[in-house]
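Hello,

Here is the structure I said I would pass on. My notes follow below it.

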Amino acid sequence: MISDDTCKCDDEQRDRDLQHEQFHKSFRVLEHGSDRKRLAIIVPFRDRFDELLQFAPHMAAFLSKQGVPFHIFVVNQNDRYRFNRASLINVGFLQVRDGYDYFAMHDVDLLPLNNNLRYEYPEHGPLHISGPEYHPKYHYAAFIGGILLLRMDHFAQLNGMSNRYWGWGLEDDEFYVRIKEAGLEVTRPKNVSTGTADTFRHVHDRVHRRRDTTKCFNQREVTRKRDRETGLSTIAYTLHSRRELTIDGVPVTVLNVDLQCDKQRTPWCECEPKVDTPSVKVAKKKAT
């Protein structure tokens, strides 16, 4: 769990930090004007603190150039189930929906570099910042992962994202089907002259941050179908704690979340490693 307790600050120092954070929040809104649409950046998260230390100051500098009033919400999965990116995004949305006009589901390891990647209000439908022609790794036409901006009412209309995707992958593909079925059009930034090598900085360490691609039970079969049962209306979680941090002067809210798993419906929220059981050979008696 991410906690400001690790700073070992005394009460007086924590009070000063809180005042500092409140100042930055007020300053950021006043600086850009109260008439601007407010953006909540939702970062699904677990064990990626090194990336977060780069992410917060980079995004603050990048969005300040665009005059976007924003706040970063890190939704940290505190439970011991397998990582569930989509469910964390659902939780983040429910926590911020009343205070912001639109939100970005944003991977912590993907940093925008090109100033023509405009984090503008997605008036007519989802705005996919990290399109397949610019993303460092994924280039198929239906890709909508990485960084996706949505209006609050559009995400609610879609019933959010599926809660069935424990482990890595495919939750974005299922969400793309929801978007298309709802008749919403995904748009992408224009006038971007950079390519896959220099539009973003991808700070993911594949050696030390291995993807959880394990499949168990009937996970492979179920997660390749459109989920018409789960989403915002069925998300089950507990907000364990809320922490206000400052990273290089940038206010960040950390929501420590315990997701709940219905093991009758998605037993793959826990995949037991396969253990080879040694065979026991029984000696046959010789005939006498």
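Salt bridges and cores

Glu171 has 8% relative accessibility and therefore counts as buried (under 20% relative accessible area; exposed is over 50%, partly exposed in between; 1.4 Å probe, protein chains only). Its salt-bridge partner is Arg85, with the closest N and O atoms 3.1 Å apart (a salt bridge is a side-chain nitrogen of Lys or Arg within 4 Å of a carboxyl oxygen of Asp or Glu). Arg85, at 9%, is buried as well. Arg85 sits in helix α3 and Glu171 in helix α5, 86 residues apart (helices are DSSP runs of H or I, at least four residues, and strands runs of E, at least two, numbered from the N terminus).

The model is predicted: local features need pLDDT of at least 70, side-chain atom pairs pLDDT 80 or more, while totals for chains, interfaces and linings use all residues. Residues are numbered from 1 along each chain as its sequence is written, and side-chain values use heavy atoms, without hydrogens and water.

Two further bridges involve helix α5 and the loop between α6 and β8. Glu174 pairs with Arg226 at 3.5 Å; Glu174 is buried at 4%, Arg226 partly exposed at 27%. Arg228 meets Glu181 at 2.8 Å; Arg228 is exposed at 59%, Glu181 partly exposed at 44%. These four residues belong to a salt-bridge network that also includes Arg164 and Asp262.

The largest nonpolar core has 37 residues, Phe103 and Met105 being among those with the most contacts inside it (buried Ala, Val, Leu, Ile, Met, Phe, Trp, Tyr and Cys joined through side-chain atoms within 4.5 Å). Helix α3 gives the most to this core, six residues.

Regards
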